[in-house]
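User: Please take a close look at one part of this protein, the interface between its domains. Then place that part in its wider setting.

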Amino acid sequence: MEKHKILVTRPQLPPLNEFIPLLEDIWDSRWLTNNGKYHQEFEKQLAVFLGVPYVSLFSNGTLALMAALQCLKIKGEVITTPFSFVATTHSLWWNGIKPVFVDIEADYCNLDAKLIEAAITPETTAILPVHVYGNPCDVDEIQNLADRYGLRVIYDAAHAFGVKYKGSSVLNYGDLSILSFHATKVFNTIEGGAIICHDLKTKKRIDYLKNFGIADETTVVAPGINAKMNELQAAYGILQLKYFDSAIDGRQHITEKYRDGLKDIEGVRYLENPVDVDYNYSYFPVFIDESEFGRSRDDVYEELKKHNIYGRRYFYPLISEFSTYRGLPSAKGLDIAYEISRQVICLPLYPDLPDEVVDTVVSVLKGMARVESREIAVKILSQIKRKME
Ligand SMILES: *Cc1c(COP(=O)(O)O)cnc(C)c1O
């Protein structure tokens, strides 16, 4: 039998025996979608759990992003990051908005707030930053800029479920934040997503937009889309909430074990939790500095595969390198993002990842570093020998 591959993540599922009674209830009721009771209940519970005013559930994060842009009637140019999953920029494209890429900062790989101002033009209407790996952007500086220039801010918070900044949800920043509950994310409803907003009027507007713009049987108030979450996923999501905190504990344990194992390897950098942040341990990216480590990120990626361990190069290539976007003027000169995209590999991280996998990753990396220093030592020795002859 083929050995089970260790992938970058493995979705957490609720206990099946807890899901079955909910399925039976849904079977009995024959109410499968369209703002059913589980949908309403999940929205309420999520708002309390996350500490946010209003949640509107979606069938996925991409449609939530697209609807968020529609909700605020964003047009023209939007400043965003090239270092993200393609859906961030695709959501602009689908709305006929021109993406303007701005480089990231090297510490946490988020949009560099210091570079945003220079990219603002009379066409700019909004900023679309991403809390990459769940680490908050410079939310205060971004809001400052937005206020000064009259711009809207929509956060792609697909990685930031449960993250708090200065004790309150990071999802409360900006005009809107979007979440993804895709199977690979830190919190999943198989597929799914949400928009977080601050007031009931906006929530109503979003609710219309995700259901064709239908206000009642005879009234359509906007050209909406179909992006509703169904009852099965909402019921599943309610169960998932109960297990989120313990899942984060498991992720934290694995993260700390990685950090401990990798701390003395030259040329391997990882991220510490930022200050004032309650982190969700959604990803464990490491950055391989080839000149210090002696081997490239892709060498590490391939070597781990030989041990049945499949990291992911999030995010490589940059969005600005894909054919749709590479012709844009702003697709050039994104030096930090380019460099980071060549250094990064996200290591497997999920609550029930066996400790031995972490041990293997650490020993593979140490072995690679050691082999390289041995090779260098041999080379230097032979050079010395040659000089002496
Ligand atoms: C996953 C992800 C999305 C898209 O979410 P889906 O639910 O898969 O549509 C958008 N942005 C980022 C940063 C993501 O990681």
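Analyst: The domain assignment splits the protein in two: domain 1 covers 16–242 and domain 2 covers 244–388. The model is predicted, so every value here is computed from predicted coordinates. The C-alpha centres of the two domains lie 29 Å apart.

Start with the contact itself. On one side, 41 residues of domain 1 take part; they touch 38 residues of domain 2. About 3300 Å² is buried between domain 1 and domain 2. Carbon and sulfur atoms give 67% of that area. Three residues stand out on the domain 1 side: Phe101, Tyr133 and Val186. They supply 22% of the area that domain 1 buries against domain 2, more than any other three residues.

Next, the polar side of the interface. Zero salt bridges are counted between domain 1 and domain 2. Polar contact is another matter: 18 residue pairs make it across the interface, both residues of each pair being at pLDDT 80 or more.

Which elements give two or more residues to the side of domain 1 that touches domain 2? They are α4 (87–94), β3 (98–101), β6 (164–165) and α8 (231–262). Strand β3 has the largest share, with four residues. By class, this side of domain 1 holds 24 nonpolar residues, nine polar and eight charged.

Two of those elements lead on to other features. Take β6 first. It belongs to an open sheet of three strands, in the order β7-β6-β13, with antiparallel pairing. The edges are β7 (168–169) and β13 (277–278), and each of them pairs on one side only. Two bridges join β6 to the antiparallel β7. Within that pairing, Tyr165 has Ser168 of β7 as its bridge partner.

Now α8. Its residue Lys242 forms a salt bridge with Glu18. The closest N and O atoms of the pair are 2.9 Å apart. Glu18 sits in helix α1 (residues 16–29), and the pair links distant parts of the chain, 224 residues apart. Side chains of opposite charge can pair when their charged atoms come close. The whole structure has 20 salt bridges, against the zero counted between domain 1 and domain 2.

Some backbone details elsewhere deserve a check. The loop between α10 (297–306) and α11 (335–343) holds Phe315, and Pro317 is found in that loop too. The peptide bond from Tyr314 to Phe315 is cis, with omega near 5°. Another cis peptide bond joins Tyr316 and Pro317, where omega is about -10°. Lys73 lies in the loop between α3 (61–71) and β2 (77–80). Its phi is near 55°, a positive value in a residue other than glycine.

Back to the interface, in brief. Carbon and sulfur atoms give 67% of the buried area. The domain 1 side has 24 nonpolar residues. Salt bridges between the domains are zero, while 18 residue pairs are in polar contact across the interface.

Conventions. Residues are numbered from 1 along each chain as its sequence is written. This is a predicted model: local features need pLDDT of at least 70, side-chain atom pairs count only at pLDDT 80 or more; totals for chains, interfaces and linings use all residues. Side-chain values use heavy atoms; hydrogens and water are left out. Domain bounds come from an automatic or database domain assignment. Contact means heavy atoms within 4.5 Å. Buried area is the accessible area (1.4 Å probe) that two parts lose on being put together, summed over both. A salt bridge is a side-chain nitrogen of Lys or Arg within 4 Å of a carboxyl oxygen of Asp or Glu. A polar contact is a pair of N or O atoms within 3.5 Å; within protein, one must be able to donate a hydrogen and the other to accept it, and residues adjacent in sequence count only if both atoms are side-chain atoms. Ala, Val, Leu, Ile, Met, Phe, Trp, Tyr, Cys and Pro count as nonpolar, Asp, Glu, Lys and Arg as charged, and the others, Gly among them, as polar. Two strands pair if DSSP finds at least two bridges between them.
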